[in-house]
Amino acid sequence: MPPREAHASAPGKIILLGEHAVVYGEPSLSLALDRRIRVDAGAGGPRATVNGEPLHAHRHAYIHQALERGWNGAPLQLHTESELPSASGVGSSAALSVATNAVLLRLHSDTPPAPPAIARAAFETELVTQGAASPNDTSVSTAGGVVLLSPSPRPGAELLWTIERDGRAWHVQRLPPLDLPLVVGNSGSRSHTADQVAKVRRFADRSAFARDLLRQIGQLTNDGVDALADGDLRRLGQLMNRNQDCLHTLGVDTPVLERLVLAARRVPGTYGAKLTGAGGGGSMIALSERPDDVVAALERLGAHAFRVRSSGRGVEVGP
Ligand code: PMV
């Protein structure tokens with residue numbers, strides 16, 4: 001018998017290299033974070049609620065979309081708890097999509113859902129809600145750890161699952177765990193992924209230069225995977241800086257993010273810094289031997305800055 005109540009939690013993520021380009025089938029390299037979203041759900045009551053309020057198609061867009069596609073049972077009462085700032089480029093919407101779909105799949109079945117099924121359902125939720133998306137964030141949040149998405153499987157890396165859509169294939173692969181000294185600086189302005197993805201699409205549709213920038217980002221990501229395998233943080237930092245240049249030229253940087261990136265790079269011991277996620281607001285990341293000094297430098301500029309650790313914990317479903 002499927003359970004009457006279920007819960008799931010899923011981590012946020014940061015993209016080290018490859019955002020936006022991954023939408024066009026280029027590789028991306030990401031880490032799941034040690035901050036999570038938890039969703040509890042149980043059937044009962046006259047109508048669906050989220051945290052005690054009636055379900056709202058816009059305010060609860062990701063949950064609404066997940067229910068539209070993945071639920072036809074009695075109205076659900078859902079509760080969410082988040083350690084992730086929303087609309088900040090650290091993957092809160094992906095974590096919410098993953099945890100919600102995991103709960104729905106669990107409520108439908110006698111046994112816990114398999115991660116590939118959760119990743120696929122969560123990708124559909126993001127895609128429909130945002131209008132355009134890659135399966136990066138939802139796959140990283142499902143898998144946990146260090147994850148490479150790539151158009152062709154990388155030899156030696158464990159293949160977790162493949163997601164195909166519109167003639168593209170993203171191979172989701174696990175890379176060895178690693179503990180990078182990383183800082184996130186949240187600019188305080190919200191980032192709207194759908195708007196930024198649409199902006200890059202308009203540029204890419206009419207400009208060979210933009211398409212070339214996206215390919216360059218893909219190459220930087222592949223080089224970054226090699227740097228990571230060699231434990232070469234200096235090289236990885238340089239690649240992050242070059243990725244930032246490409247994102248800036250693509251038009252998804254903001255003056256505030258740029259100021260934070262430059263401030264982080266000025267701290268001795270910093271290898272590299274770039275925006276992370278969709279841009280247009282949201283967050284930047286820095287790779288630095290002196291993360292506490294970077295946090296202080298970013299906070300002096302008014303950012304909300306914090307050290308992050310990668311986590312090997314992906315989605316977890318109960319009961
Ligand atoms: O800002 P976030 O955390 O939603 O990251 C978006 C990453 C993009 O590559 C810009 C979009 C995508 O779906 O991959």
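**Close-up views of the ligand site and the nonpolar cores**

**View 1. Residues around the ligand in the predicted model.** The ligand is surrounded by 15 residues, and the closest of them are Lys13, His20, Ser134, Thr193 and Ala278. The largest pocket is the space that the ligand takes.

**View 2. Polar contacts of the ligand with His20, Asp137 and Ala278.** At histidine 20, a backbone N or O atom lies 2.9 Å from an oxygen atom of the ligand. Alanine 278 likewise places a polar backbone atom 2.9 Å from a ligand oxygen atom. Aspartate 137 contributes a polar side-chain atom, which lies 3.1 Å from an oxygen atom of the ligand. The ligand taken alone exposes 380 Å², of which the protein buries 98%.

**View 3. The largest nonpolar core, with Leu236 among its residues.** This core comprises 84 residues, and those with the most contacts inside it are Ile14, Leu16, Leu180, Leu236, Met284 and Leu298. Leaving aside residues up to four places away in sequence, leucine 236 touches Leu17, Leu180, Gly224, Ala227, Leu228 and Leu287.

**View 4. Another nonpolar core, apart from the largest one.** This core has 14 residues, including Ala32, Phe123, Ala143 and Leu149.

Terms used:
Residues are numbered from 1 along each chain as its sequence is written. This is a predicted model: local features need pLDDT of at least 70, side-chain atom pairs count only at pLDDT 80 or more; totals for chains, interfaces and linings use all residues. Side-chain values use heavy atoms; hydrogens and water are left out. A nonpolar core is a set of buried Ala, Val, Leu, Ile, Met, Phe, Trp, Tyr and Cys residues joined through side-chain atoms within 4.5 Å. Buried means under 20% relative accessible area, exposed over 50%, partly exposed in between (1.4 Å probe, protein chains only). Contact means heavy atoms within 4.5 Å. A residue is near a molecule or strand if one of its heavy atoms lies within 4 Å of it. A polar contact is a pair of N or O atoms within 3.5 Å; within protein, one must be able to donate a hydrogen and the other to accept it, and residues adjacent in sequence count only if both atoms are side-chain atoms. Accessible areas come from the Shrake-Rupley method with a 1.4 Å probe; for residues, only the protein chains shown count as cover. On a 1 Å grid over the protein atoms alone, a cavity is a set of points where a 1.4 Å probe fits but cannot get out, and a pocket is an open set with protein on both sides within 12 Å along at least five of seven lines; lining residues have an atom within 4 Å of a point. A molecule sits in a cavity or pocket if more than half of its atoms lie within 2 Å of its grid points.
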